[in-house]
Amino acid sequence: MTEFRTATEEDLAEILSWAAEEGWNPGLEDAAAFYQADPEGFFIARHEGHPVAAISVVNHSPDYAFLGLYIVRPIHRGKGIGLALWTHALAHAGDRTVGLDGVEDQQANYAASGFVHAGGTSRYSGTLPAQASAAIRPASSGDLPSLIAREGAASGVAKPAYLRAWFLPAETRQTFVFEKGGQIAGLCTVRRCGEGAKIGPLQADSPEIAEALLTHASDWAGCALIIDVPQSAAALTAICEGHGMTPSFRTARMYRGAFASPEAPLFAVTSLELG
């Protein structure tokens, strides 16, 4: 017998361990911040009492949700459990537009559920110069409204519950802001993962500010960096390639429902799991 239920925060920690086994390399402290985005938005399938599949459909706003963390344990694939959980979880979004970042070779399957391709994201990784900047400081709680608004303008949708948790410091995650003339002109979150450290989001007013944020993050992390760069972020792609970072894989950004992706040439995705 298979049952579907809303996942707890403890379940989410286990789901992220599955993601690590799949090679997704989640952040070391992702679970708590992810869960704050929408505690009702994580789902797990149990078969004969054992967890066998998971998915998230996180409602970021009254109009927009994001689907991710879709995992079926290997020995339970091909039995219809994943598709049934997919259908169950999507009901949580109601009539919201739903976005996802999925592997490119699964686009036909996503299209069967009404998702339409809207671009791609490339993952870049490599070692950047480590250089702290006096113009950059750790973000504070007072910065949150500005940071949430900046990320929302770059990504196309505000995600206040998610980002309020994401932008506050954790032991292995830190957000930095670049100040110019007393105003925030860029932001960058860096978090340590099982391998290296991921950047996301990154948003900057100029290529110079983006580079300063990246080299400052490199100094903080002390390891290789990983960045998920949207297809539209041509200026950030140029920076990554100019520093010898190499692309490893691409995902397809798809939407079910109306959505106009903004052009943000200096923007990196917050996470492929929650958008």
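These are my notes on the cysteines and on helix α8 of this structure.

**Entry 1, cysteines.** The model is a predicted one. I searched the whole structure for disulfides and found zero. I then asked why Cys188 has no bond to Cys240, the cysteine with the closest sulfur. The two sulfurs are 11 Å apart, so a bond is ruled out by distance. A disulfide would need the sulfur atoms within 2.5 Å. I also looked up Cys193, which is in no disulfide either. Its nearest cysteine sulfur belongs to Cys223, at 8.3 Å.

**Entry 2, accessibility of the cysteines.** Is Cys188 buried or exposed? Cys188 has a relative accessible area of 0%, so I noted it as buried. Cys193 comes out at 7% relative accessibility and therefore counts as buried.

**Entry 3, helix α8.** Cys240 led me to α8, which spans residues 234–242. I listed Cys240 as buried there, along with Leu236, Thr237 and Ile239. These residues lie on the same side of α8, because they cover an arc of only 160 degrees around the axis. On the other side of the helix I found Ala234 and Gly242 exposed.

**Entry 4, packing of α8.** Which elements do the buried residues of α8 pack against? I recorded the strands β6 (116–126), β10 (197–204), β11 (225–230) and β13 (267–268). The helix α7 (207–221) is also a packing partner of these buried residues.

**Entry 5, after the helix.** I checked the backbone just past α8. Gly244 takes a positive phi there, of about 80 degrees.

Terms used:
Residues are numbered from 1 along each chain as its sequence is written. This is a predicted model: local features need pLDDT of at least 70, side-chain atom pairs count only at pLDDT 80 or more; totals for chains, interfaces and linings use all residues. Side-chain values use heavy atoms; hydrogens and water are left out. Buried means under 20% relative accessible area, exposed over 50%, partly exposed in between (1.4 Å probe, protein chains only). Helices (H or I, at least four residues) and strands (E, at least two) are DSSP runs, numbered from the N terminus. The arc is that of the directions from the helix axis to the C-beta atoms. Contact means heavy atoms within 4.5 Å.
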